[in-house]
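Got the viewer open? Keep a selection box handy, and we'll go from stop to stop.

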Amino acid sequence: MDWFPYFLQQLINGLTLGSIYGLIAIGYTMVYGIIGMVNFAHGDVYMIGAFQAMIVLLLCGTLGISWIPLQLLLMLVVAMVLTAAYGWTVERIAYRPLRGTQRLAPLITAIGMSIFLQNYVQLVQGPRPKPVESLISGGIPVMTRAEGGFVVTLGYMQIIIVLLTVALMAGFTLVITRTSLGRAQRACEQDMKMASLLGVNVDRTISMTFVMGAGLAAIAGSMVTLYYGNNDFYMGFLAGIKAFTAAVLGGIGSLPGAMLGGILLGLIEAMWSAYFSAEYKDVAAFGVLVLVLIFRPTGLLGRPEVEKV
Amino acid sequence: MSANVAAPQAPSVFFQAAKEAFFTAILVAMLSILMVGYQTEVLQGQNMSYVTRFGDVMWAVILVPVGRFLLVLGRSGMLWPPVVLAGAATIYLFGAAVLGLLGLAIYPTLPLPYDQPMVNAIFAVGGLFVVAGAARARRDRTKGAQTFEKREAAEARQAHVAKNLSRILGPILIVVALVIPWTPWGDRALVDSLVLVMTYVMLGWGLNIVVGLAGLLDLGYVAFYAVGAYTYGKLSTSLGLTFWESLPIAGAMAALFGIILGFPVLRLRGDYLAIVTLGFGEIIRIILINWQAFTGGPNGIGNITRVDFFGLPFERNPAPGTESFHTFFGIDFSTTHRVVFLYYVIIALALITNFVTIRLRKMPIGRAWEALREDETACRALGINPTNTKLTAFAIGAMFAGFAGSFFAARQGFVSPESFTFIESAVILAIVVLGGMGSQVGVALAALLLIGLPEVLRDLSLYRMLVFGGVMVLIMLWRPKGLLAYREPTLLLHGRRGKKKAEVPA
């Protein structure tokens, strides 16, 4: 059982990383479910969320707020609200005018928006990476390996990330299954035209989807700011691609799928870096994606598409 | 539609516009308060501090809602206040920005919202939108509303005219392109930029086979470009092969990669294929970065033999006993020779791509690609093997990327993974889509616009990519089907106005 402590530590790390991927992946999967487009700017919205969270933390320092729970709360709420505004604006400017045109048009505006947002942040916040001092450090020692004194730690930050993700997922599932907004979203997902005929405000429903996705991305961004503490304007790109991979892995369009895909991807990455090579962890992630898609073309939890001729 | 139904008492236009402006103001404040208002700075050590810029936020919160207010007024039919006010603001901001960029002394004496000329110029573009919105509302009132169908029909007509014109225009453009280096404007910098543009024209035409003709969304096209570049890099540095010897090998290598990567994934459809190709693109880049022994890692491969004139290198001081281009022809040495030669090489390569595409379209395989794009299920029913057909498109598209990549390596003299990021794939795809998928002239125009524009804006280094992204969004919004929307089957059963009767098989 000598291998177990090391494995357990990687499991904890992978779960934390996977929760973050899952939170971002929800934004992709919801947008894809409703309007069938890949929102490439979502990764950059997450990046903006991380930056805003970072600025809120700095301001807390200036204002003399030092009680950590309050800092955390302020950071999450402000970053979520302000980043949601970005999500709304991106949809309003770049996607809404293109509804009903050819499928590739919103994909190109999404890529354009992604380039725009990255350079906008580089311009207003500078190109250098921003180190953030960790607010919450330390953790609970879980077990110690007999030889070498390797201690498996469950970091407080890791606990917060996983708990927050679980809470958000639960809340989110409630919104989708129990509220009128969620009902409207599911209606639009099934048939947008029919939903609008039945009085669902399609434009507003889609806007709300982007707002919710951006809010969750902002929370993921805040968590990453606290957990890794190194923000730069380019961080959204890889995280976005990974999260999208997670969404596809779990079956795009499915909420539990996004979470499952995120956690799987996080675990694969953590295990691969631990046991094989850290350089090729992205190759492993994409490799698993390709394998899953070859054998299960609609992802793990996706519904098979019925083809109509 | 329902003109008889009494409309509810419409709130006055001013009230409506004021309401919209108010919401816009709140939104702009939310967007900018933290991101623009506080610029974070990294101090020595690991500490951070910030500088506030509330003045900039204030101007955004004033200017954008005013623009929105005028836009709503203009769209609702009130013409003069929006046009005069927004027009004046546009001219003022834009003029001041241009003067500022030219570094003329008048600039600091004018009161302007921002101290960065480019930011003022961006706001001026907003003013332009207001004027355009008002003009459109006026046209709609005089000529009847522009419906979606009408707009599409108009775009298809324009594209058709362009298609007919391109028979004359194409050769003219080629002649113009050929003589540019000999005209007084054709200095080294311009030709160098044109080489870059032509490289992307070629890549665009290559990707057009995959995306435009076969309808396969490929987000990892740059991987094949990388394969071509690294193939030539390795062949040149380890085996000492020249560019011309390596070119076919690089193309074949890229095509092989196209088949290897394409084989397992081509049964996926649409967006799943897109994400997998994206994944492959990233995998290849990561391997290039990490396989130090073979690819040189992040530093790439250097000292690749530059392109030569069929055996004559462009060297100032050729090795003893050998001749170089200028000694052979007995002219003075000039660095321009190489650039001009590169320019003609890439034009030739691009034209070959174009020619092959046009011919392939008329062959059974080209017909099969277009049929597959329109309806895969029907194709299967007709006995077309979708996997083979898709693989051919993938391999041929990849082959041209391989040629372009090997040209890139011969032009630069060194290759590194940095040149083959996802953003390159995205730009090439944007060129194809913006050009109007399937339209060869459109792709060339889009490449000129998307690659030429950042070259023109090179002086504005910081704003270059910002403007690039913005322009990409704006063009797509302006013409959702691409600059020249031309996507109709090449072959019709009854011909178009009888012109193509000869092609219809009896």
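Here is a tour that begins with chain B as a whole, visits a few of its residues, and ends in chain A.

**Before you click**

You're looking at a predicted model, in which local features need pLDDT of at least 70 and side-chain atom pairs count only at pLDDT 80 or more, while totals for chains, interfaces and linings use all residues. Residues are numbered from 1 along each chain as its sequence is written, with chains lettered from A and ligands numbered from 1 in the order in which they are written.

**Chain B, the whole thing**

Select chain B and switch to cartoon: you should find 18 helices and two strands. Both kinds of element are DSSP runs numbered from the N terminus, helices being H or I over at least four residues and strands E over at least two. Of the chain's 506 residues, 42% are buried. Here "buried" means 20 or more other C-beta atoms within 10 Å of a residue's own, "exposed" means 12 or fewer, and "partly exposed" is in between, with C-beta atoms placed from the backbone.

Now colour by domain. The assignment for chain B gives domain 1 (13-146) and domain 2 (150-304 + 347-488); such bounds come from an automatic or database domain assignment. Their centres, taken over C-alpha atoms, sit 36 Å apart.

For contacts, the rule is that the C-beta atoms of two residues, placed from the backbone, lie within 7 Å. Take the contacts in chain B between residues at least 6 apart in sequence: 74% of them join residues at least 24 apart.

**Where chain B meets chain A**

Show both chains and pick out the contact, which takes 44 residues from chain B and 51 from chain A. Which element of chain B gives the most to its side? That's α9(B), with 11 residues. Other elements that each supply at least two residues include α1 (13-32), β1 (38-42) and β2 (48-52) of chain B. Colour chain B's side by residue class and you get 33 nonpolar, eight polar and three charged. Ala, Val, Leu, Ile, Met, Phe, Trp, Tyr, Cys and Pro count as nonpolar, Asp, Glu, Lys and Arg as charged, and the others, Gly among them, as polar.

**Residue stops in chain B**

- Leu63(B): go to helix α2 (residues 54-75) of chain B. Leu63(B) is partly exposed, with 19 other C-beta atoms within 10 Å. Leaving out residues up to four places away in sequence, Leu63(B) touches Pro113(B) and Phe123(B). Try a distance to Gly127(B), 64 residues apart along the chain: C-alpha to C-alpha, 9.5 Å.
- Ile180(B): look in the loop between α5 (148-179) and α6 of chain B. Ile180(B) is also partly exposed, given 16 other C-beta atoms within 10 Å. Beyond residues up to four places away in sequence, Ile180(B) touches Gly186(B) and Leu194(B).
- Asn303(B): find the loop between α10 (292-295) and α11 (325-329) of chain B. Asn303(B) has a positive phi of about 55° although it is not a glycine. Buried or exposed? Asn303(B) counts as exposed because it has 10 C-beta neighbours inside 10 Å.
- Ala350(B): this one is in helix α12 (residues 336-362) of chain B. Ala350(B) is buried, with 28 C-beta neighbours inside 10 Å. Apart from residues up to four places away in sequence, Ala350(B) touches Met198(B), Val201(B), Met202(B) and Trp205(B).

Next, select helix α13 (residues 364-374) of chain B, whose buried residues include Trp369(B), Glu370(B) and Arg373(B). The cover over the buried residues of α13(B) includes α6 (188-213), α12, α14 (376-381) and α15 (386-412) of chain B.

**Over to chain A**

Select strand β2 (residues 139-144) of chain A, which is hardly covered: zero of its six residues are buried. Five bridges join β2(A) to strand β3 (residues 151-155) of chain A, and the two run antiparallel; pairing needs at least two DSSP bridges. Met143(A) stands opposite Val152(A) in β3(A).

Last stop: helices α5 (residues 156-178) and α6 (residues 180-190) of chain A, which pack at about 70° with axes 5 Å apart. Axes are lines fitted to C-alpha atoms, for helices over the stretch in contact, and angles run from 0 to 180 degrees between N-to-C directions. That makes α5(A) roughly perpendicular to α6(A), a label for 65 to 115 degrees. Show side chains for the contact, including Val175(A) and Ile176(A) of α5(A) and Leu181(A) and Gln185(A) of α6(A). The contact's residues divide into three nonpolar, three polar and two charged.

Definitions and conventions. Angles under 35 degrees count as roughly parallel, over 145 as roughly antiparallel, 65 to 115 as roughly perpendicular and the rest as oblique.
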